[in-house]
Amino acid sequence: MAGAGAPRRDVYPDVVLRRLFTRRWLGALAVTVVFAVVSFYLGQWQWGRYEAKAARNDRLDAHYAADPVPLGTVLTSSPLPRSRDWTSVEAVGTYRPQDQLYVRNRPNAGVYGYEVLVPLDLTGGTGTVLVNRGWVVNSGRGADVLPPVPAAPPGEVTVTGWVRPGEASLGRDLPDGQLPSMNLAEASAAIGTPVLGGYVLLESERTADGGTAARPTALEPPDRSLGPHQAYAFQWWLAAMPAGFVLIWLGIRRELREEGAIRPKAKKHRIWDDEDE
């Protein structure tokens, strides 16, 4: 029978909690709480990225392969609503190849080059929309030497493609005719004409006589991968958040055992152990 001062295993939780409320372990607890809060918000951030990609895929399912609708029913002078992103549209107008713009450092199939924007003056005077006709590889002869691009067809043309929102400005000054991003305000300033609140990513174009023209390389289809963000969110919430508290509990338990304040669990005696002796 254990003496009166011998450690008892049945009061183990109370012993651990009393040790927790010491200066050393309270400091560790404070760090753990901060880490748990950070883990929670990192999980929220990863979940938000997952939801954004899932919503993008929903829009692609609804719009990408649908029959094109008139551009004016989707795009106005106001910024394109996110819900209308990737809507398939058709527009009729005349290109202004003299105001062609190159958007720098754009990837396509793992290679960086330029995306080519050409203003399209819409028939009926309803405005000007930028058409992304495709991609060309960098010339390799310096930033001021632009690669050759198949010319936009002259005369009236029917354009089919997908509407996309403009991008944020990168705040960089580039040579005339070049843009650092697909920023509509900067493009409008470069061509000296107001543009609609989104641009058209070209799928096909048809001249008045039914012909077609050479064009830059078409961009890859939109990325539909969801990435690892959902798994990362669960990792932060289910593994990282409680990890610190588990480590504190185990650390206090080990410390108390080394001091003899608690006894390890007694090994169970089995009948067959006596038979083996």
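In helix 2 of this predicted model, the buried residues are Trp25, Thr32, Ala36, Ser39, Gly43, Gln46, Tyr50, Arg56, Asn57, Arg59, Leu60 and His63. Helix 2 takes in residues 23-63, 41 residues in total, and is one of five helices in a chain that also has eight strands. Below is a friendly walk through the helix, the cores, one loop proline and the salt bridges.

**Helix 2 and its nonpolar patch**

- From its first C-alpha to its last, helix 2 reaches 60 Å, close to the 60 Å expected at 1.5 Å a residue.
- An α-helix has 3.6 residues a turn, so residues three or four places apart point the same way.
- Besides its buried residues, helix 2 supplies four residues of a nonpolar surface patch, the largest share.
- The patch covers about 450 Å² and is made by Val33, Val37, Phe40, Tyr41 and Phe245.
- Phe40, a member of the patch, lies in helix 2 and counts as partly exposed because its relative accessibility is 33%.

**The whole chain**

- Along the sequence, the elements follow the pattern α-α-β-β-β-β-β-β-β-α-β-α-α.
- The chain has 277 residues, and 35% of them count as buried.
- Among contacts with a separation of 6 or more, 70% come from residues 24 or more positions apart.
- The accessible surface comes to about 16,300 Å², with 58% of it belonging to carbon and sulfur atoms.

**The nonpolar cores**

- The largest nonpolar core holds 24 residues, and Leu71, Tyr95, Leu120 and Val129 have the most contacts inside it.
- At least two residues of this core come from each of strand 2 (88-95), strand 4 (111-122), strand 5 (128-137), strand 6 (156-164) and strand 8 (199-207).
- Strand 4 gives the largest share of the core, five residues.
- Another core, of 15 residues, lies apart from the largest one; Leu60, Leu117, Ile191 and Val195 are among its members.
- Which residues does Leu71 contact, leaving aside its neighbours within four places in sequence? They are Val89, Glu90, Ala91, Leu122, Val129, Val163, Leu196 and Val200.

**Pro222, a buried loop residue**

- Pro222 is found in the loop between strand 8 and helix 4 (229-259).
- Is Pro222 buried or exposed? Pro222 counts as buried, because its relative accessibility is 17% and the cut-off for buried is under 20%.
- Leaving aside neighbours within four places in sequence, Pro222 is in contact with Leu60, Tyr64 and Trp86.
- Leu60 therefore appears in several places: it is a buried residue of helix 2, one of the 15-residue core and a contact of Pro222, which is itself buried at 17% relative accessibility.
- The C-alpha atoms of Pro222 and Asn57 are separated by 9.4 Å, although the two are 165 residues apart along the chain.

**Salt bridges between distant parts of the sequence**

- The chain has six salt bridges, and three of them are described here, starting with the one between Asp85 and Arg164.
- Side chains of opposite charge can pair when their charged atoms come close.
- Asp85 and Arg164 meet at 2.8 Å, N to O. Asp85 sits in the loop between strand 1 (69-70) and strand 2, and Arg164 in strand 6, so this pair ties together parts that are 79 residues apart in sequence.
- Both partners are buried: Asp85 has a relative accessible area of 6%, and Arg164 has 18%.
- Asp121 pairs with Arg96, their closest N and O atoms being 3.0 Å apart. Asp121 belongs to strand 4 and Arg96 to the loop between strand 2 and strand 3 (101-108), so the bridge ties together parts that are 25 residues apart in sequence.
- In this pair, Asp121 is partly exposed at 26% relative accessibility, whereas Arg96 is buried at 12%.
- The side chains of Glu167 and Arg106 form a salt bridge at 2.8 Å, N to O. Glu167 lies in the loop between strand 6 and strand 7 (178-179) and Arg106 in strand 3, so parts that are 61 residues apart in sequence are tied together.
- Glu167 is partly exposed, with a relative accessible area of 29%, while Arg106 counts as buried at 13% relative accessibility.
- Arg96, Asp99 and Asp121 are joined into one network by salt bridges that share partners.

Conventions: Residues are numbered from 1 along each chain as its sequence is written. This is a predicted model: local features need pLDDT of at least 70, side-chain atom pairs count only at pLDDT 80 or more; totals for chains, interfaces and linings use all residues. Side-chain values use heavy atoms; hydrogens and water are left out. A nonpolar core is a set of buried Ala, Val, Leu, Ile, Met, Phe, Trp, Tyr and Cys residues joined through side-chain atoms within 4.5 Å. Buried means under 20% relative accessible area, exposed over 50%, partly exposed in between (1.4 Å probe, protein chains only). Contact means heavy atoms within 4.5 Å. The expected span of a helix is 1.5 Å times one less than its number of residues. Patches are made of residues with over 30% relative accessible area and no salt bridge: like charges are joined within 9 Å, nonpolar side chains (Val, Leu, Ile, Met, Phe, Trp, Tyr) within 5 Å. Accessible areas come from the Shrake-Rupley method with a 1.4 Å probe; for residues, only the protein chains shown count as cover. A salt bridge is a side-chain nitrogen of Lys or Arg within 4 Å of a carboxyl oxygen of Asp or Glu.
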